[in-house]
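Subject: Handover of a structure and what was found in it

Dear colleague,

Please find below the structure that I am handing over to you. The findings follow directly after it.

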Amino acid sequence: SKTELEADKSLIWKGSTFTLTCTVEGYPPPEGPTLWKGQTSVTFTSCDAGTNKKVCTKKFTNVGYDDAAVYECKTNNTVRGTYSPSSDKANIVISSKVSVSLALSSLPSRGYFITGDSVTLTCIADGFPLAHYMKISRDGQLLFE
């Protein structure tokens with residue numbers, strides 16, 4: 001038997017929706033399938049069966065970080081008395097929009113800057129997955145990498 005598990009999107013945003021589709025094929029028709037999130041069984045939203053094919057979907061709405069996981073679709077088939085398990089996995093990562101801000105760490109005691117003052121800028125990137133690379137530029141000229 002053949003088992004495939006696919007997500008309908010490659011980039012899944014927090015608060016959005018996505019669908020996992022498990023397709024199983026084989027002769028004789030395989031048992032199942034079942035969807036797993038780690039050791040926990042997940043109920044499919046719908047299943048459609050053909051002669052030697054079954055397509056089951058799980059729709060996720062208002063996606064949160066707790067929906068991120070490695071999901072596995074499993075099925076079993078017995079051919080001529082031989083038990084034949086089959087499975088496929090999908091790693092689901094939930095992303096959030098990244099917000100970037102630039103902050104001054106401190107102001108001189110006079111409350112303002114003049115030419116020649118030292119300035120410390122802090123670049124803050126917030127989001128998931130976390131940013132691995134940041135740079136600060138002014139008017140297209142790279143100041144920090």
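Two residues are said to be in contact when heavy atoms lie within 4.5 Å. With that in mind, and leaving aside neighbours within four places in sequence, Leu35 is in contact with Leu5, Leu20, Thr40, Ser41, Val42, Phe44, Lys58, Tyr71, Glu72 and Cys73. Please note that the model is a predicted one.

Overall composition

The protein chain has zero helices and 13 strands, so that read along the sequence its pattern is β-β-β-β-β-β-β-β-β-β-β-β-β. Of the 145 residues in the chain, 26% are buried. The chain exposes about 9900 Å², of which carbon and sulfur atoms supply 51%. Among the contacts with a separation of 6 or more, 55% are between residues 24 or more positions apart.

The four-stranded sheet

An open sheet is formed by four strands in the order β1-β3-β7-β6, with antiparallel pairing. Strands β1 (2-7) and β6 (46-49) stand at the edges; each has a single partner strand, so one side of each is left without a neighbour in the sheet. On average, neighbouring strands of this sheet are turned by 15° against each other, direction ignored. As general background, strands of a sheet pair through backbone hydrogen bonds, either parallel or antiparallel.

Within this sheet, strand β3 (residues 18-25) pairs with strand β7 (residues 53-60) in the antiparallel sense over eight bridges. Two of the facing positions may help you to find the pairing on screen: Thr21 stands opposite Thr57 in β7, and Glu25 stands opposite Lys53 in β7.

Strand β7 also pairs with β6; these two run antiparallel and are joined by four bridges. Here the bridge partner of Ala49 is Lys54 in β7. The connection from β6 to β7 is a hairpin through three residues.

The nonpolar core

Which residues have the most contacts inside the largest nonpolar core? They are Leu5, Phe18, Leu20, Leu35, Tyr71 and Ile92, in a core of 18 residues. The elements giving two or more residues to this core are β3, β7, β8 (69-79) and β9 (82-92). Strand β3 supplies the largest share, namely four residues. In general terms, nonpolar side chains tend to be buried together in soluble globular proteins.

Leu35, introduced above, has its place in strand β4 (residues 31-37). Its relative accessible area is 0%, so Leu35 counts as buried. Glu72, one of its contacts, is 37 residues away along the chain, yet the C-alpha atoms of Leu35 and Glu72 are separated by 5.7 Å.

Tyr71 is another residue to inspect in this core. Leaving aside its neighbours within four places in sequence, Tyr71 is in contact with Leu5, Leu20, Leu35, Trp36, Lys37, Val42, Phe60, Asp88, Lys89, Ala90 and Ile92. Leu5, Leu20 and Leu35 thus appear in this list, and Leu5 and Leu20 also appear among the contacts of Leu35.

The aromatic residues

How many aromatic pairs does the structure hold? There are two aromatic pairs. One of them, Phe18 with Phe60, is stacked, with 4.4 Å centre to centre and 5° between the planes. Phe18 lies in strand β3 and Phe60 in strand β7, so this pair ties together parts that are 42 residues apart in sequence. Phe18 is buried, with a relative accessible area of 1%; Phe60 is buried as well, with a relative accessible area of 7%.

Why is the pair of Phe60 and Tyr71 edge-to-face? The ring centres of Phe60 and Tyr71 are 5.5 Å apart and the planes stand at 70°, so the pair falls in that class, for which the angle has to be over 60 degrees. Phe60 lies in strand β7 and Tyr71 in strand β8, so the pair ties together parts that are 11 residues apart in sequence. Both Phe60 and Tyr71 are buried.

Taken together, Phe18, Phe60 and Tyr71 form one aromatic cluster. Phe18 and Tyr71 are also among the residues with the most contacts inside the largest nonpolar core.

Yours sincerely,
A colleague

Methods:
Residues numbered from 1 in each chain as written. Predicted model: local features only at pLDDT ≥ 70, side-chain atom pairs only at ≥ 80, totals over all residues. Heavy atoms only, no water. Pairing = 2+ DSSP bridges. Axes fitted to C-alpha atoms, helices over the stretch in contact; angles between N-to-C directions. Buried < 20%, exposed > 50% of the residue type's maximum accessible area, 1.4 Å probe, protein only. Areas by Shrake-Rupley, 256 points an atom, 1.4 Å probe, with all protein chains shown as cover. Core = buried A, V, L, I, M, F, W, Y, C linked by side-chain atoms within 4.5 Å. Phe/Tyr/Trp six-rings, centres within 6.5 Å; stacked < 30°, edge-to-face > 60°.
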